[in-house]
Amino acid sequence: MVNVQNCFLPGGSLAVKDGDEVIPVINRIAKGFENVVMTQDWHTPHHVSFASSHEGKKPFEMIKLAYGNQVLWPDHCVQGRQGAQIAKDIDIPQAELIIRKGFHNDVDSYSAFVEADKETHTGLAGYFKERGIDTVFITGLATDFCVAWTAIDARHARLKTYVVEDACRGIDIGGSVAKAWDDILAAGVTRIQSGDLAI
Ligand code: VGL
Ligand code: ZN
């Protein structure tokens, strides 16, 4: 479950349209899974991905950083703040791992596996490997950023990968949801609906 955090819900600082609608779907299907990993976007207060960290820049503009293009966002998911908390209505008590990401001040991390510099690994691939887990079902926010990058990197980690479409919502800037689906499917990920799961 990717980033179902207050900042990404309606009323949050980087609200994903209808982001709260994923919660009942995720709670329902999670009951059918023994092993659940949650991710939590977890930024420093003046993180490089925040427009406010760059003089004269506004949210949703793009800049070039050492590791490539970076979309600038409103301040969101600052470490320890209320907005960074996992949505209170998420009810998955059996979840065993919460992986935080985006905590290096100068590097963003949409993916739960590898940071945006493409070389700093979070350890999640090793966790799955050591636990003998070879298949993942991805849900959460946002389809076109953290879900997409996580799904594509899950394939790079040789996991059989499903994205549960109705358990995700997107930010959608300039057609980014459609493009994300093209990239997700091209990486060998399977798109399913929560109803396809026998839960
Ligand atoms: C996300 C933008 C910035 C996401 C996180 O969860 O998709 N998007 N940080
Ligand atoms: Zn972020």
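The questions and replies below concern the two ligand sites of this predicted model.

Me: Why is the site of the zinc ion (ligand 2) called irregular?
Reply: The angles among its four donor atoms run from 88 to 172°, whereas four donors count as tetrahedral only if all angles lie between 85 and 135 degrees. The upper value of 172° falls outside that range, so the tetrahedral label does not apply, and the site is classed as irregular.

Me: What makes Asp41, His43 and His76 donors of the zinc ion (ligand 2)?
Reply: A donor here is an N, O or S atom within 2.8 Å of the metal, and the atoms concerned, OD of Asp41 and NE2 of both His43 and His76, lie 2.0 to 2.2 Å from the zinc ion, so they meet the cut-off. Along the sequence these donor residues follow the spacing D-x1-H-x32-H.

Me: How do you know that aspartate 41 makes a polar contact with ligand 1?
Reply: A nitrogen atom of ligand 1 is 3.1 Å from an N or O atom in the side chain of aspartate 41, and because the cut-off is 3.5 Å, the pair counts. Oxygen atoms of ligand 1 also lie 3.2 Å from a polar backbone atom of leucine 141 and 2.9 Å from one of cysteine 146. The protein covers 100% of the 260 Å² of accessible area that ligand 1 has on its own, and the space taken by ligand 1 is the largest cavity.

Me: Which kinds of residue form the shell around ligand 1?
Reply: The shell divides into nine nonpolar residues, two polar and one charged; among its members are Phe8, Trp73, Asp41 and His76. Asp41 is charged, because Asp is grouped with Glu, Lys and Arg.

Conventions
Residues numbered from 1 in each chain as written. Chains lettered and ligands numbered in written order. Predicted model: local features only at pLDDT ≥ 70, side-chain atom pairs only at ≥ 80, totals over all residues. Heavy atoms only, no water. Near = heavy atom within 4 Å. Polar contact = N/O pair within 3.5 Å; in protein donor to acceptor, adjacent residues only side chain to side chain. Areas by Shrake-Rupley, 256 points an atom, 1.4 Å probe, with all protein chains shown as cover. 1 Å grid on protein atoms, 1.4 Å probe; cavity = no way out; pocket = protein on both sides within 12 Å on 5 of 7 lines; lining within 4 Å. Sits in = over half its atoms within 2 Å of the grid points. Donors = N, O, S within 2.8 Å, 3.2 Å for Na, K, Ca; no water. Tetrahedral: all angles 85-135°; square planar, octahedral: opposite > 155°, others 65-115°.
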